[in-house]
Amino acid sequence: MLGPVLLAAAGSERVRRLVSSTPLTRPVVDRFVAGEELPDALDASRTLLSQGLTVTLDRLGESVTDPLQAIRNRDGYLELVDELAAAGVAERAELSVKLSAFGQALPDGHDIAHRNVARVVAAAAAAGTAVTLDMEDHTTVDSTLAVHEALRAEHPETGAVLQSYLFRTEDDARRLAATGARVRLVKGAYREPAEVAFQRKVEVDLAYVRCLRLLMTGEGYPMVATHDPRLVAVAEELAKRGGRAFDAYEFQMLYGIRDAEQRRLAAQGHRVRVYVPYGGDWYGYFMRRLAERPANLAFFARSLATR
Ligand code: FDA
């Protein structure tokens, strides 16, 4: 029951100020976030790349209500692309972008976010890498998938994220699989109402398997983003049965979660990409990680109590 409370707190400005202002939060945040600055993210990425993993970098930020902040976020990503190219790692380091960081929630936000992300996608392509559009709450899905489709006309390597907890997702997976898209499949991390999303974990997991089957038998490139050992095993089995080579799909996991499993899969020859978030705007991301696993909250509470 704690999950929904934490997800509600993720949207509260008052709780944000409280949690962000205590220095005691920092050590727990550090488990999930590579650091506040771009060089921190580059250091973390270099370490992961040296372990045979690949990365996708998330410059943290979301739910922007100021057009200038949307521009600053876009420019932050453009700087990131330049730094990845300069470090010679762009081929193994992709980008993950939230359209709400690029202005999606502003009036005319769809077009603003589209324009902003198009600049980043073009710069990424010129540097030899690609962008995946993260998926946020269900009210943004139509807009985000429409931007994804438009971007793919020029940059077919641009990825989308589908969330198995949404009722609509099987249809989206079927459609995207037929168009050969790169699709990251996740369970979903937002608080969604019963009108649009499965509420029980078992239903979300079963939907994940159905969508995975569609993606694995389709024309696209499935990005299997889960830490769930049963779903990792199902993905391996489906890939084997469908005759998919190791370079025709990949596993993805979040920075700081199941690191040993990331390395184990990579050692077996799988492509494994670690999602590396960095930046000062970590609150929403951090609260979603707490909500996913009550044990993380206990870890957080213990670290507060022992100081
Ligand atoms: P589940 O939550 O059932 O966890 C399975 C096991 O993994 C747990 O038992 C535990 O061992 C470990 N685990 C999972 N979460 C943990 C945590 N926070 N801390 C410690 N251990 C944990 N969501 C979304 O809505 N939009 C998006 O764009 C993305 N993008 C994204 C990218 C990538 C690369 C990943 C891996 C995930 C996302 N997500 C996401 C988040 C996703 O929707 C989901 O909330 C988390 O991955 C947790 O779900 P699992 O599939 O890992 O299963």
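**Strand β1, the barrel and the shell around the ligand**

T54 is in contact with R92, R271, V272 and R273, once its neighbours within four places in sequence are left aside. This residue belongs to strand β1 of a model that is predicted. The C-alpha atoms of T54 and V274 are separated by 6.2 Å, although the two positions lie 220 residues apart along the chain. T54 counts as partly exposed because 19 C-beta neighbours fall inside 10 Å, whereas a buried residue would need 20 or more.

The contacts of T54 offer a handy way into the overall fold. Eight strands close into a barrel, following the order β1-β2-β3-β4-β5-β6-β7-β8, and their pairing is parallel. From one strand to the next, the twist averages 30 degrees. Helix α4, spanning residues 38–50, packs on the sheet and touches β1 (54–59), β2 (93–97) and β8 (272–278). The direction of α4 makes about 165 degrees with that of β8. Elsewhere in the barrel, strand β6 (residues 221–225) and strand β7 (residues 250–254) run parallel and are joined by three bridges. A225 has Q252 as its bridge partner in β7.

Attention now turns to the ligand. The shell around the ligand holds 24 residues, of which D134, V186, A189, T226 and H227 come nearest. By residue class, this shell divides into 10 nonpolar, eight charged and six polar residues. At least two shell residues are supplied by each of β4 (159–163), β5 (182–186), β7 and α12. The largest share, three residues, comes from β7.

The UniProt record, an unreviewed entry, can be set beside this picture. Under the feature "binding site", UniProt lists M135, Q163, K187, G188, A189, K201, T226 and H227. Among these, T226 sits in the loop between β6 and α10 (229–241). T226 is buried because 22 other C-beta atoms lie within 10 Å, and 20 would be enough. Apart from neighbours within four places in sequence, the contacts of T226 are V186, K187, L231 and V232. K187, another position on the list, is found in the loop between β5 and α9 (201–216). With 19 C-beta neighbours inside 10 Å, K187 counts as partly exposed. Not counting residues up to four places away in sequence, K187 touches Q163, S164, Y165, V204, Y208 and T226. Two of these contacts, Q163 and T226, also appear in the UniProt list.

UniProt places the feature "binding site", again from an unreviewed entry, at K98, R288 and R289 as well. K98 lies in the loop between β2 and α6 (109–127). K98 counts as buried, since 26 C-beta neighbours lie inside 10 Å. When residues up to four places away in sequence are not counted, K98 touches G61, E62, D134 and E136. One of these partners, D134, is also among the residues that come nearest to the ligand. R288, by contrast, is found in helix α12 (residues 283–292). R288 is partly exposed, with 18 other C-beta atoms within 10 Å. Its contacts, not counting residues up to four places away in sequence, are L7, A10 and A189. A189 is itself named in the "binding site" list from UniProt and is one of the residues that come nearest to the ligand.

Finally, two loop residues deserve a look for their backbone angles. S63 is not a glycine, yet its phi is positive, at about 50 degrees. S63 lies in the loop between β1 and α5 (67–86). With 15 C-beta neighbours inside 10 Å, S63 counts as partly exposed. R258 also has a positive phi in a residue other than glycine, with a value near 55 degrees. R258 has its place in the loop between β7 and α11 (259–267). R258 is partly exposed, with 16 other C-beta atoms within 10 Å.

Terms used. Residues numbered from 1 in each chain as written. Predicted model: local features only at pLDDT ≥ 70, side-chain atom pairs only at ≥ 80, totals over all residues. Pairing = 2+ DSSP bridges. Helix = DSSP H or I, 4+ residues; strand = E, 2+ residues; numbered from the N terminus. Axes fitted to C-alpha atoms, helices over the stretch in contact; angles between N-to-C directions. Contact = placed C-beta atoms within 7 Å. UniProt positions renumbered as here; feature names shortened; annotations may be inferred. Buried ≥ 20, exposed ≤ 12 C-beta atoms within 10 Å, placed from the backbone. Near = placed C-beta within 6 Å. Nonpolar A, V, L, I, M, F, W, Y, C, P; charged D, E, K, R; others polar.
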